[in-house]
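This briefing is meant for someone opening the structure for the first time. Please keep the sequence and the 3D view at hand while reading.

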Amino acid sequence: MAIVQPETRFSFAESDFTLFMKVCKGMVKQDQTSMQEEDEERMKVEVGTLEQLPKRLGKCVRVGNRELALFRTGDDQVFAVENRCPHRGGDLSQGIVSGEFVFCPLHDWKICLKDGRVQAPDEGCVKTYRAAVKDGLVYVEL
């Protein structure tokens, strides 16, 4: 269940995308109970091995109808985001990783891999997925 901050009002007629953008901008927050319920409902999916992910580069994987971009940082952290830049739909798996950011290969938009937010002066965000490595296998929570 989403909790709307008092200064933010929206109608039920708003699209899911509009609500998603408000979440990205921090206008809508989830309560702790809601987040715990979502955690219980998430499904872990094996998407490959850590060795298959080159450091500081991306890899595109398809899970059902979702196309994800997986990234391995220089210090072996693994991140998963939707594989589409919010600007012009660029293939983020083709981007370059620097620290905890990926740069879109089309127009060099800088996107945080932790929270999916596009860095200023640009605006927007991509959906992020929790990623974990266990015994050399990479899992993504959907």
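A salt bridge is counted here where a side-chain nitrogen of Lys or Arg lies within 4 Å of a carboxyl oxygen of Asp or Glu. By that criterion K114 and E100 qualify, since their side chains meet with N and O 3.3 Å apart. The model is predicted, and a search of the whole structure finds five salt bridges in it. The points below take up the salt bridges, an open sheet, charges over rings, and the cysteines.

**Salt bridges**

- The pair of K114 and E100 links distant parts of the chain, with K114 in the loop between β9 (110–112) and β10, E100 in the loop between β7 (96–98) and β8 (101–103), and their positions 14 residues apart in sequence.
- Of these two partners, K114 is exposed at a relative accessible area of 52%, whereas E100 is partly exposed at 24%.
- A salt bridge also joins the side chains of K55 and D76, with a distance of 3.5 Å from N to O, and this pair again links distant parts of the chain, as K55 belongs to the loop between β3 (44–49) and β4 while D76 belongs to the loop between β5 and β6, 21 residues apart.
- Both of these residues are partly exposed, K55 with a relative accessibility of 38% and D76 with a relative accessible area of 33%.
- K55 and D76 do not stand alone, for together with R72 they are linked in a network of salt bridges.
- In another salt bridge, the closest N and O atoms of R130 and E141 are 3.8 Å apart; E141 lies in strand β12 (residues 137–141) and R130 in the loop between β10 and β11 (131–134), so the pair ties together parts that are eleven residues apart in sequence.
- E141 counts as buried at 19% relative accessibility, because the cut-off for buried is under 20%, whereas R130 is partly exposed with a relative accessible area of 42%.

**The open sheet**

- Four strands, in the order β4-β5-β6-β10, form an open sheet in which the pairing is antiparallel.
- The edges of this sheet are taken by β4 (58–63) and β10 (128–129), each of which has a single partner strand, so one side of each is left without a neighbour in the sheet.
- Within the sheet, strand β5 (residues 66–72) pairs with strand β6 (residues 78–82) over five bridges in the antiparallel sense, and L68 is found opposite E82 in β6.

**Rings and charges**

- The structure holds zero aromatic pairs, but rings do appear in another kind of contact, in which a charged end sits over them, as for K110 and the ring of F101, at 4.4 Å from the ring centre.
- A further contact of this kind places the charged end of K127 over the ring of Y129, 5.2 Å from the centre of that ring.

**Cysteines**

- The structure holds zero disulfides; for C85, the nearest cysteine sulfur is that of C104, at 3.7 Å, and C85 is in no disulfide because the sulfur atoms of such a pair must lie within 2.5 Å.
- C85 counts as buried, with a relative accessibility of 0%, whereas C60 is partly exposed, with a relative accessible area of 36%.

Notes. Residues numbered from 1 in each chain as written. Predicted model: local features only at pLDDT ≥ 70, side-chain atom pairs only at ≥ 80, totals over all residues. Heavy atoms only, no water. Pairing = 2+ DSSP bridges. Helix = DSSP H or I, 4+ residues; strand = E, 2+ residues; numbered from the N terminus. Phe/Tyr/Trp six-rings, centres within 6.5 Å; stacked < 30°, edge-to-face > 60°. Lys NZ or Arg CZ within 6 Å of the ring centre and 35° of its normal. Buried < 20%, exposed > 50% of the residue type's maximum accessible area, 1.4 Å probe, protein only.
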